[in-house]
Amino acid sequence: MNKERISILDDIAKRASKEVGVSLYDVEEKKTNHGLVAIIYITKLGGVTVDECTSVSRIIGAELELLDIYKGKYTIEVSSPGLERELKYKKHYASAINNRVKIKYQEDEQRLVVEGILKEVSPQAIKIETNDNEIVIPFTSIKKARTLFDFSDTKEKK
């Protein structure tokens, strides 16, 4: 992963997202057998539409062609981060307050996993409410985090 290229992609994606009226959630690159894939995740209250993803993709594509930062074959993918999305940055955690989350973290030499409701985000830690208690986890201890969607809430009521 090229950090300078990711930084440029992030700047372009922020401008494109703002122009379309959505928020940039994250950008990443993946190497595939068919070349590099620039992945842009966008979000907005109520969800993003296919048309919004297409508009952001076109704006980004046009600017990337002008800048020529990708040598060789590449693809652009623009989508929502999904119902169960990875939490990488503090802004991601802040946007997930009161959502169900799964946190993998390390405490001393022990690897732990907790699921619960994200209740609070401070500059140094998060607070998770489980069925039993509240747990404070420092950001430095978190190895992986994601939101969890409760599909049982979507079942039709008869």
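In the predicted model, glutamate 28 is a buried residue, its relative accessible area being 15%. Because the threshold for burial is a relative accessible area under 20%, the value of 15% places glutamate 28 in the buried class. The residue lies in strand β1, which spans residues 23-32. Beyond its neighbours up to four places away in sequence, glutamate 28 touches Ile6, Leu9, Val37, Ala38, Ile39, Tyr41 and Lys88. With one of these residues, lysine 88, a polar contact is formed between the two side chains at 3.4 Å.

Glutamate 28 also takes part in a salt bridge with lysine 30, the N to O distance between the side chains being 3.8 Å. The two partners fall into separate accessibility classes: lysine 30 has a relative accessibility of 42% and therefore counts as partly exposed, whereas glutamate 28, at 15%, counts as buried. Both residues belong to a network of salt bridges that links Asp26, Glu28, Lys30 and Lys88.

The count of salt bridges in the model comes to 10. One of them joins the side chains of glutamate 29 and arginine 5, with an N to O distance of 2.7 Å. This pair connects distant parts of the chain, since glutamate 29 is situated in strand β1 and arginine 5 in helix α1 (residues 3-20), with their positions 24 residues apart in sequence. Both glutamate 29 and arginine 5 are buried.

A further salt bridge is found between glutamate 134 and lysine 127, whose closest N and O atoms are 3.7 Å apart. Partly exposed residues are those between the limits of 20% and 50% relative accessible area. Glutamate 134 is accordingly partly exposed because its relative accessibility is 45%, and lysine 127 is likewise partly exposed, with a relative accessible area of 23%.

Valine 48 is located outside the strands and helices, in the loop between β2 (35-43) and α2 (50-67). When neighbours within four places in sequence are set aside, the contacts of valine 48 are Val22, Ile42, Thr43, Cys53 and Ser80. Valine 48 is separated from alanine 125 by 77 residues in sequence, and the C-alpha atoms of the two residues lie 30 Å apart in space.

Methods: Residues are numbered from 1 along each chain as its sequence is written. This is a predicted model: local features need pLDDT of at least 70, side-chain atom pairs count only at pLDDT 80 or more; totals for chains, interfaces and linings use all residues. Side-chain values use heavy atoms; hydrogens and water are left out. Helices (H or I, at least four residues) and strands (E, at least two) are DSSP runs, numbered from the N terminus. Buried means under 20% relative accessible area, exposed over 50%, partly exposed in between (1.4 Å probe, protein chains only). A polar contact is a pair of N or O atoms within 3.5 Å; within protein, one must be able to donate a hydrogen and the other to accept it, and residues adjacent in sequence count only if both atoms are side-chain atoms. Contact means heavy atoms within 4.5 Å. A salt bridge is a side-chain nitrogen of Lys or Arg within 4 Å of a carboxyl oxygen of Asp or Glu.
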